[in-house]
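Visitor: I have a model open and would like to walk through it with you. Can we start with how the strands pair and then move around?

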Amino acid sequence: MALLWPCILVAATGILATDTPHPRNSTLHHLTQHLLEQYHKEVRPVHNWHDATTVYLDLFVQAVLDVDIQNQKLKTSVWYREVWDDEFLSWNSSMFDEIREISLPLSAIWAPDIIINEFVDIERSPDIPYVYVTSSGSIKNFKPIQVVSACSLQTYAFPFDIQNCSLTFNSILHTVEDVDLGFLRNREDIKHDKKTFLNDSEWEVLSVSSTYSILQSNTGDFAQIQFNVVIRRCPLAYVVNLLIPSIFLMLVDLGSFYLPPNCRARIVFKTSVLVGYTVFRVNMSNEVPRSSGSASLIGVFFTVCMAFLVLSLSKSILLVRFLHDEWRSGQELPLLCLQGDAGTDGSRMDPRTQDAGVTESPVCQEHQIQSETLKEVWFQIRSINNYLQTQDQVDQQEVEWLALLYRFDQLLFRSYLVMLGLYAVTLCSLWALWSGL
């Protein structure tokens, strides 16, 4: 009995080993071996080399990952599909247990050399090494990719900007006589399909239109398909953080025109507003995208309003300085006149002091004293008259300058109103245009 148990175990192991199927005996293995045994991936898969291989393309935009306006680059996540027919990879499904579709390594078969012309960076997408092959020889290559493409991005309508970026697919070496392109789906379905797009980002996809064209070059004619991805920015955060505070700041600056132009408090008030403009401008520069080719309308309007503020502030400073100089000159003139009178009186008194020893009659002395008193009164009256005339001239010049600067201030105020009105109308127009798409 002790020798019987090892024999039973060996027999049972042999039976189990014979019942377990080997992978090489499976139908799928035979089919794969049958397809790839004499397959050459270096050769375009057509029996008649005059026939072109048509590659059908499709594109789903999943997300807009980054819009780099400064470097003019767009980063998107797309689901890319291409389908073509391989005449060397077809089989009769009835001979292989009705297998109608299998997966094969992409590296083992011929694949079209389709690229994106606007591609500017390496793709960061998961590597999918397999493709599906149907019994009729149709090959399906589906893969998600992250595309970093060059795009002409404009910022003049920020934050209501709409960008149109294209992704152009074509073959690198094969002309249209060898590799042609086509649409896997209807073009209208591609244009309005947003089911796979993620709407939780800053950008929203409006449409993905597509066109087929032939690119003519010196080396031949190449088929190409261009997908135009139209996206628009969601502006709510920028309206709350930028537009509404900028309008409030402009209204406060507009209210400063109700202060008198010759008021020193106006200079202090406008200086404070200028500091607010500067701080807001620094914060806005971090939010507004920068582009070397264009400037945003919001930045232009804000700069013009800031220029109006500086011009009005400079005018008020010059006015206060001018009035201060006129006031000082008007105060010094009567003092000079009085000093001149005092010197004249002193010069008239010296002869009497020198001739004090000369004896004169009382009547002559009384007449002389009266005449000197009258002369002194005359000189005082003339000094007062000169002072009043000078003061009238100063007041007249001050009134003329004030009238001129008041008219200039009204011109600035009206220009500011026009600029603020254009600013509001432009924002409303851009918002209406943005909402209408």
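Visitor: Which residue is the bridge partner of Lys 75 in strand 6?
Guide: In this predicted model, Lys 75 has Val 148 as its bridge partner in strand 6. That pair belongs to the ladder between strand 2, residues 73-85, and strand 6, residues 138-150, where 13 bridges join two strands that run antiparallel.

Visitor: And how many bridges does strand 6 make with strand 5?
Guide: Strand 5, which covers residues 130-134, pairs with strand 6 over two bridges, again in the antiparallel sense. Within strand 6, Ile 139 is the residue that stands opposite Val 133.

Visitor: What about the turn there, which residue takes a positive phi?
Guide: That is Gly 137, with a phi near 95°, in the hairpin of strand 5 and strand 6, where three residues lie between the strands.

Visitor: OK, zoom out. In what order do the strands of that open sheet come?
Guide: The order is 3-5-6-2-1-8, so to speak reading across the six strands of an open sheet whose pairing is mixed. Strand 3 (101-105) and strand 8 (179-183) are the edge strands, each of them pairing on one side only. On average, neighbouring strands of this sheet are turned by 35° against each other, with direction ignored.

Visitor: Which strands make up the four-stranded sheet?
Guide: The four strands are ordered 4-7-10-9, and they form an open sheet with antiparallel pairing. At its edges stand strand 4 (114-116) and strand 9 (203-217), and because each has a single partner strand, one side of each is left without a neighbour in the sheet. From one strand to the next, the twist averages 20°.

Visitor: How many bridges join strand 7 to strand 10?
Guide: Nine bridges join them, and strand 10, residues 220-233, runs antiparallel to strand 7. One of the pairings to look at is that of Asn 164, whose bridge partner in strand 10 is Val 230.

Visitor: Let's look at Ile 214 in that edge strand. Is Ile 214 buried, exposed or partly exposed?
Guide: Ile 214, which is found in strand 9, has a relative accessible area of 38%, and because buried means under 20% and exposed means over 50%, this residue falls in between and counts as partly exposed.

Visitor: What does Ile 214 touch?
Guide: Leaving aside residues up to four places away in sequence, Ile 214 touches Val 176, Asp 221, Phe 222 and Ala 223. As for Leu 181, the C-alpha atoms of that residue and Ile 214 are 9.9 Å apart in space, while the two are 33 residues apart in sequence.

Visitor: Switching to cysteines: how many disulfides does the structure hold?
Guide: The structure holds one disulfide, and the residues it joins are Cys 151 and Cys 165, with an S to S distance of 2.0 Å. The link of Cys 151 and Cys 165 is left-handed, with -85° about the S-S bond. Cys 151 lies in the loop between strand 6 and strand 7 (162-171), whereas Cys 165 lies in strand 7, so the pair ties together parts that are 14 residues apart in sequence.

Visitor: Are those two cysteines buried or exposed?
Guide: Cys 151 is buried, at a relative accessible area of 8%, and Cys 165 also counts as buried, at 2%. Elsewhere in the chain, Cys 234 is partly exposed with 32%, whereas Cys 305 is buried with 0%.

Visitor: Now the helices. Where does Lys 270 lie?
Guide: Lys 270 lies in helix 5, residues 264-287, and at 0% relative accessibility this lysine counts as buried.

Visitor: Which side chain does Lys 270 reach with a polar contact?
Guide: The partner is Asp 253, with a polar contact of 3.2 Å between the two side chains. Not counting residues up to four places away in sequence, Lys 270 touches Asp 253, Ser 256, Phe 257, Leu 309, Ser 312 and Leu 313.

Visitor: Which residues does the UniProt annotation "transmembrane region" cover?
Guide: According to that annotation, which comes from an unreviewed entry, the residues covered are 236-255, 267-284, 296-320 and 416-434. In the model, residues 236-255 are 100% helix and 0% strand, with the end C-alpha atoms 27 Å apart. The span of residues 267-284 is also 100% helix and 0% strand, and the end C-alpha atoms there lie 25 Å apart.

Notes. Residues numbered from 1 in each chain as written. Predicted model: local features only at pLDDT ≥ 70, side-chain atom pairs only at ≥ 80, totals over all residues. Heavy atoms only, no water. Pairing = 2+ DSSP bridges. Disulfide = S-S within 2.5 Å. Buried < 20%, exposed > 50% of the residue type's maximum accessible area, 1.4 Å probe, protein only. Polar contact = N/O pair within 3.5 Å; in protein donor to acceptor, adjacent residues only side chain to side chain. Contact = heavy atoms within 4.5 Å. Axes fitted to C-alpha atoms, helices over the stretch in contact; angles between N-to-C directions. UniProt positions renumbered as here; feature names shortened; annotations may be inferred.
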